[in-house]
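Colleague: Thanks for sitting down with me. Could you open the model and let me ask how its labels were earned?

Modeller: Gladly; here it is.

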Amino acid sequence: MSGVLLTDDIAVEGCSPSGGVVAVWTLNRPEKLNALNRDSHLAIKEQCVRVESDDAVRAVVIRGAAPPTPEEGKRPKPAAFAAGADISEFAGKNSDDVREFFANNAWEAVWGLSKPTIAMVDGFALGGGTELALACDLRVASTRAKFGQPEINLGLIPGGGGTQRLCRLLGYGKAMEMTLTGEMVGAEEALSIGLVNKVVEPEELEREALALAENIARKSPYTVRVAKRAVRAALDLPFTEGVLTERSEFVALFDTEDKEIGVSAFLRREDAEWVGR
Ligand code: COA
């Protein structure tokens with residue numbers, strides 16, 4: 001399994017409690033446009049367990065490995081976040097062969113993280129690649145990013161939560177269009193329909209994604225988790241119940257040390273030194 005997912009913890013300066021890191025995961029099958037195979041799923045799930053139990057990790061950034069240098073006379077491979085699930089693993093399989101695997105997949109493992117997650121998308125994010133980006137909380141893309149759910153062209157539909165997360169993020173009309181046509185959506189359109197949070201030039205992408213992750217990593221890690229949970233509640237709960245849930249989370253924060261630290265720091269015009277509780 002080693003090698004399909006590279007991991008790196010980047011220290012965050014000026015965060016508190018000190019020692020915080022941004023975990024950067026690089027999907028590393030560039031010769032296959034970082035298509036997600038079984039090993040990729042296993043490695044992502046393993047890392048999800050790791051970051052969830054590691055207090056130092058304040059945020060996760062997921063990216064794709066850059067294309068390899070082409071052999072002499074060969075066409076260069078395009079940039080990719082991930083060009084989908086590995087289609088070669090679908091051939092000749094029936095429902096019994098795939099049911100269990102898809103019941104316990106990497107998309108839901110990422111979605112289930114209590115810490116903030118950012119997809120850093122350069123080039124193709126198709127099928128399971130778009131779904132992995134959708135399973136993250138935020139998406140930063142380069143101007144050459146291309147999103148899409150082309151499963152319909154394989155006689156399939158998205159299977160990593162794509163239909164549901166697209167509907168929630170973009171609304172029914174655009175989600176249906178992407179699912180039924182399989183057409184790709186470029187970076188500019190992705191920004192205009194809310195599929196990504198930000199679009200920057202390819203050479204600025206890493207800096208931008210890390211700056212976003214570090215910005216969040218400098219907040220109270222406790223409050224960040226509560227904030228993520230509160231926004232997520234909007235996806236599952238009826239409106240009035242959601243507002244009540246938010247209020248109850250808000251009121252409970254008044255018993256934390258970090259609320260007192262944040263409020264006092266503001267009043268003293270100082271930076272807050274969070275303790276994470
Ligand atoms: N699964 C497995 N292999 C994939 C893949 C996938 N989802 N997407 C790309 N690859 C492989 C190709 O087979 C090729 O391998 P090879 O060099 O060993 O032949 C390599 O990645 C490069 O892809 P290629 O198709 O040659 O690049 P391209 O620039 O001509 O086209 C795409 C790029 C993204 C348009 C094209 O690769 C594509 O349509 N991929 C599949 C997208 C998809 O349907 N995803 C949903 C899967 S559920």
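Colleague: Why is Cys 48 called buried?

Modeller: Cys 48 has a relative accessible area of 5%, and buried means under 20%, so the label applies to Cys 48. Bear in mind that this is a predicted model.

Colleague: And what makes Cys 15 buried or exposed?

Modeller: Its relative accessible area is 8%; the cut-off for buried is under 20%, so Cys 15 is buried as well.

Colleague: How do you know that Cys 48 is in no disulfide?

Modeller: The nearest cysteine sulfur, that of Cys 136, is 9.2 Å away from Cys 48. A disulfide needs the two sulfur atoms within 2.5 Å, so this pair does not qualify. The structure holds 0 disulfides.

Colleague: Let's turn to the ligand. What makes Lys 32 a polar contact of the ligand?

Modeller: A side-chain N or O atom of Lys 32 is 2.6 Å from a ligand oxygen. The limit is 3.5 Å, so the pair counts. Lys 77 also passes, with a side-chain N or O atom 2.9 Å from an oxygen of the ligand. At Ala 85 a polar backbone atom lies 2.9 Å from a ligand nitrogen. Taken alone, the ligand exposes 860 Å², and the protein buries 66% of that.

Colleague: Which classes of residue form the shell around the ligand?

Modeller: The shell has 10 nonpolar, 6 charged and 1 polar residues.

Colleague: Finally, which residues have the most contacts inside the largest nonpolar core?

Modeller: Trp 25, Ile 44, Phe 81 and Phe 147, in a core of 40 residues. A second, separate core has 15 residues, including Val 140 and Leu 210. Nonpolar side chains tend to be buried together in soluble globular proteins.

Note on methods
Residues numbered from 1 in each chain as written. Predicted model: local features only at pLDDT ≥ 70, side-chain atom pairs only at ≥ 80, totals over all residues. Heavy atoms only, no water. Polar contact = N/O pair within 3.5 Å; in protein donor to acceptor, adjacent residues only side chain to side chain. Areas by Shrake-Rupley, 256 points an atom, 1.4 Å probe, with all protein chains shown as cover. Nonpolar A, V, L, I, M, F, W, Y, C, P; charged D, E, K, R; others polar. Core = buried A, V, L, I, M, F, W, Y, C linked by side-chain atoms within 4.5 Å. Buried < 20%, exposed > 50% of the residue type's maximum accessible area, 1.4 Å probe, protein only.
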